[in-house]
Structure formats: C-alpha cells, structure tokens
Amino acid sequence: MNTRARWTVSILVVGAALLALAKADNLIFGAAVANAEHRPALLRNAEWKKPAPVFGRRFHKGVPESELLSWLRANQFVIERATRVATRRIQSLPCNERVEIKWSTSGEGLLQGADARVSEAGCL
C-alpha cells in the first residue's frame with residue numbers, strides 16, 4: 001500500500017472513531033433501552049392508568065383463579081393472596097413502571113373480575 005492510501009485509510013479510521021466518540025452517549029442510551037426490562041406480553045398494549053384490554057380478555061369472569069396465580073408467579077409478581085392484589089416494578093428506560101393487578105373470585109375459585117393497570121414509577 002502506498003503512502004497516500006495509508007493516509008486515506010488512517011484519516012477514515014480516525015474520523016470513524018471521532019464520530020463514534022461523539023455519538024457515544026446516544027449509543028450507550030440506546031443499548032440501555034434495548035436491554036431494559038419489558039412488560040409481560042399481556043400488558044404490552046396497556047396505557048398508563050387505564051385497564052389493560054388484552055389482560056382483561058385473558059383473565060375474564062369465569063377463568064380459574066389458579067390460572068391467574070400461575071401467570072403472576074411466572075411473571076415475577078409479588079402476590080398478596082389475602083387482598084387479591086399483585087404488584088411488580090418494571091425497571092425500564094426512560095421510565096420505570098409499576099403494575100398493579102386486582103381481582104375478585106367466587107366461592108368456587110373462579111374469577112369474578114381482574115384488572116391490570118400500569119403507572120409511572122419514576123423517570124430519568
């Protein structure tokens with residue numbers, strides 16, 4: 001490789017390195033967002049402070065409470081059986097979220113209703 005080609009390659013490498021350095025904050029933030037915790041699939045479409053429609057269709061009146069409890073355990077919720085409330089904090093970016101699920105049952109162990117709501121739990 002001749003001297004002119006070496007200089008050209010060197011300038012391109014240094015330029016690319018400077019560009020990457022200048023965009024490092026964006027790259028780091030992008031990587032953090034990509035690796036952040038995400039909501040369980042049944043809650044992905046939930047809007048803050050409104051009922052989650054997909055969750056409501058899955059855990060409607062008549063579904064066994066045991067199915068809801070299995071789902072809650074599989075998705076790492078803290079379950080308060082006595083009050084029939086489950087909570088989970090989602091560590092995400094740019095905002096953390098709090099999910100609260102409340103339900104009621106019949107004497108036969110069937111859901112009478114279940115409601116999931118997502119709210120903000122601290123933003124950058």
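**Reading the antiparallel sheet**

Modeller: In this predicted model, strands β2 (residues 85-90) and β3 (residues 95-105) run antiparallel and are joined by six bridges.

Biologist: How should such a pairing be read, and which residue of β3 stands opposite R88?

Modeller: Strands of a sheet pair through backbone hydrogen bonds, in either the parallel or the antiparallel sense. Here R88 faces V99 in β3, while V85 has K102 of β3 opposite. The connection from β2 to β3 is a hairpin of four residues.

Biologist: Over how many bridges do β3 and β4 pair?

Modeller: Strand β4 (residues 111-123) pairs with β3 over ten bridges, again in the antiparallel sense. Within this pairing, R98 has S119 of β4 as its bridge partner. Five residues lie between the strands in the hairpin of β3 and β4, and G109 there takes a positive phi near 80°.

Biologist: In what order do the strands form the sheet?

Modeller: The order is β1-β2-β3-β4, giving an open sheet of four strands with antiparallel pairing. Its edge strands are β1 (78-80) and β4, each of which pairs on one side only. On average, neighbouring strands are turned by 15° against each other, direction ignored.

Biologist: Which helix packs on the sheet, and what does that helix touch?

Modeller: A general idea helps first: in a regular strand, side chains alternate between the two faces of the sheet. In this structure, helix α4 (residues 65-74) packs on the sheet and touches β1, β2, β3 and β4. The direction of α4 makes about 160° with that of β3.

Technical notes
Residues are numbered from 1 along each chain as its sequence is written. This is a predicted model: local features need pLDDT of at least 70, side-chain atom pairs count only at pLDDT 80 or more; totals for chains, interfaces and linings use all residues. Side-chain values use heavy atoms; hydrogens and water are left out. Two strands pair if DSSP finds at least two bridges between them. Helices (H or I, at least four residues) and strands (E, at least two) are DSSP runs, numbered from the N terminus. Axes are lines fitted to C-alpha atoms, for helices over the stretch in contact, and angles run from 0 to 180 degrees between N-to-C directions. Contact means heavy atoms within 4.5 Å.
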